[in-house]
Structure formats: C-alpha cells, structure tokens
Amino acid sequence: EDCPAGRYGNEPGLADKNCSAECERGYYCEAGAAEPLPCRLGRFGNESGLESETWCLPCPSGSSCATGSSEPASCAPGSVAPNGSMGTCLRCEAGSYQSGEGSTACETCRSSSWCAEGSSAPTPCGRGNYSNQLGLRSADECLRCPKGSWCSAGKQVPCGLGTYNDETGADDQSYCKYCPPRSFTRYESTTSIADCICEEGHYALWRNATL
C-alpha cells in the first residue's frame, strides 16, 4: 500500500504505519512519494505534512525563497524584491540604495552623495568635492569644489561676505581668506582679492598684483 499524501517511504509496499514521519517543512509529499520533494524556487512551506506542490505558498514581496524554503527570507539592505514569488532579491542599481530590510523598492541616491550597486546607504562625495544632483552612480560623478566656496560632506558652502577663495577643491572654511583691513565684498562666493572693495575714504596700494 502506498504512503498517503503528506508522508513518504522509500521502500515499496509499506503499510501506512511504517511510512516515515510527516513531510518536513519546505517539502511536500504526494501520495506514494518515495522521497520528499522541495517547494520550488519562489515558494515556501511553513508547515510539515504538505501533500502537493500547490500547498507551498508564494514568497511575499520584499522577500526571497530558495528551493526548499520553510520561511521567506527578508531582503537584506541594499536589495529588494518588488514582486512576489521571487527566488532571489535584486541588488539596488547604481545610483540608488535601500537601507531597510524586507523592502520592495530602492530609493534614489541623495544629492551630495553617490551610490554604487547594492548600496545600503549613500556615500558622501569626498573631501573637496560636492554634488547637487540626485542619482550619482560613482565618486567620479562628484564635482570639484569651485572657487568662492568650500565643500564638506558633499555640500557646497559659499565663502561669506568679506572673504574670498581663489582655489578649487577647498575642503574647509579656512580656504576663505579675509579681505584686507578696511575692505569688504559686495557678495558671497567671491573668487579673488580683486573682489574686495575699499571702504569709503580708503584706497588700495597694489604691489606685485597683491594689496
């Protein structure tokens, strides 16, 4: 007599009482099965004694189910499963990231940062560089800090009134030089000592192109 559905036996002619224990989780046993069969890729079996493949459940979105899974596996940070019944999670494409587990969609990389494939968090542009765009895919897409500013954590900061910066790639505020005494600038982000204007009643003496 064949083993009933949900149980199995690898010897012919077994009586019901001699069949093995119930089919283990992640597998199913049709009537007369000699061996358990695994739930296929993208499905899982969280109970023992499953009697057919249709009893295996579809993997929910945000998770993956390898062959023979007894439980869905939540997608790790940096990967997603946008649809159900997925056997593996998809790595976030370059220019996007995902910091949470069990997610269904990646997020666009933030400005001032870049995101490689499979990123779990944005990476700030390096020292002396910045970005004001979304979705950068590599550090090479960050821009060099321009004159008149300094850049930190991927953000551009203008040199304030009364200061100027004539160098690119500045990575701290010390690059913003003060105008000479009795002079000022009309605007922020000035790039040359020539932008410094004398106060009323004063004038500049130039020696070798410097004040």
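Which residues are linked with E167 in a network of salt bridges? I looked this up in the model, which is predicted. D166, E167 and K177 form the network.

**Entry: salt bridges**

I searched for salt bridges and found seven in the structure. I took three pairs in turn.

I started with K177 and E167, whose side chains meet in a salt bridge at 3.5 Å, N to O. K177 sits in strand β18 and E167 in the loop between β17 and β18, so the contact ties together parts ten residues apart in sequence. I then checked accessibility for this pair. K177 is partly exposed because its relative accessibility is 28%. E167 has a relative accessible area of 35% and is also partly exposed.

Next I looked up E53 and R40, which form a salt bridge at 3.0 Å, N to O. E53 belongs to the loop between β3 and β4, and R40 to the loop between β2 and β3, so this pair ties together parts 13 residues apart in sequence. E53 counts as partly exposed at 29% relative accessibility. R40 counts as partly exposed at 46%.

The third pair I looked up was R127 and D171, with a salt bridge at 2.9 Å, N to O. It links distant parts of the chain: R127 is in the loop between β12 (123-124) and β13 (129-130), D171 is in the loop between β17 (163-164) and β18 (177-178), and they are 44 residues apart. R127 is exposed, since its relative accessible area is 64% and the cut-off for exposed is over 50%.

**Entry: disulfides**

I searched the whole structure for disulfides and got ten. I noted three of them, then a cysteine sulfur without a bonding partner.

C39 and C56 are joined by a disulfide with an S to S distance of 2.0 Å. C39 lies in the loop between β2 (37-38) and β3 (43-44), while C56 lies in the loop between β3 and β4 (57-58), so the bond ties together parts 17 residues apart in sequence. I read a torsion of about -75° about the S-S bond, so the disulfide is left-handed. Both C39 and C56 are buried.

C92 and C106 form a disulfide at 2.1 Å, S to S. I placed C92 in the loop between β8 (90-91) and β9 (96-97) and C106 in the loop between β9 and β10 (107-108), 14 residues apart. The link is left-handed, with -95° about the S-S bond. I checked the two ends separately. C92 is buried because its relative accessibility is 0%. C106 is partly exposed because its relative accessibility is 28%.

C109 and C115 are joined at 2.2 Å, S to S. Here I read 80° about the S-S bond, and the link is right-handed. Both C109 and C115 are buried.

I then asked why the sulfur of C198 has no bond to C196. The closest cysteine sulfur to that of C198 is in C196, at 8.9 Å, which is too far for a bond; the cut-off is within 2.5 Å. C198 is partly exposed because its relative accessible area is 28%.

**Entry: a hairpin**

I looked at strands β15 (residues 149-152) and β16 (residues 155-158), which run antiparallel and are joined by four bridges. Across the pair, W150 in β15 stands opposite V157 in β16. The hairpin has two residues between the strands, and I noted that A153 takes a positive phi near 55°.

Key: Residues numbered from 1 in each chain as written. Predicted model: local features only at pLDDT ≥ 70, side-chain atom pairs only at ≥ 80, totals over all residues. Heavy atoms only, no water. Pairing = 2+ DSSP bridges. Buried < 20%, exposed > 50% of the residue type's maximum accessible area, 1.4 Å probe, protein only. Salt bridge = Lys/Arg side-chain N within 4 Å of Asp/Glu carboxyl O.
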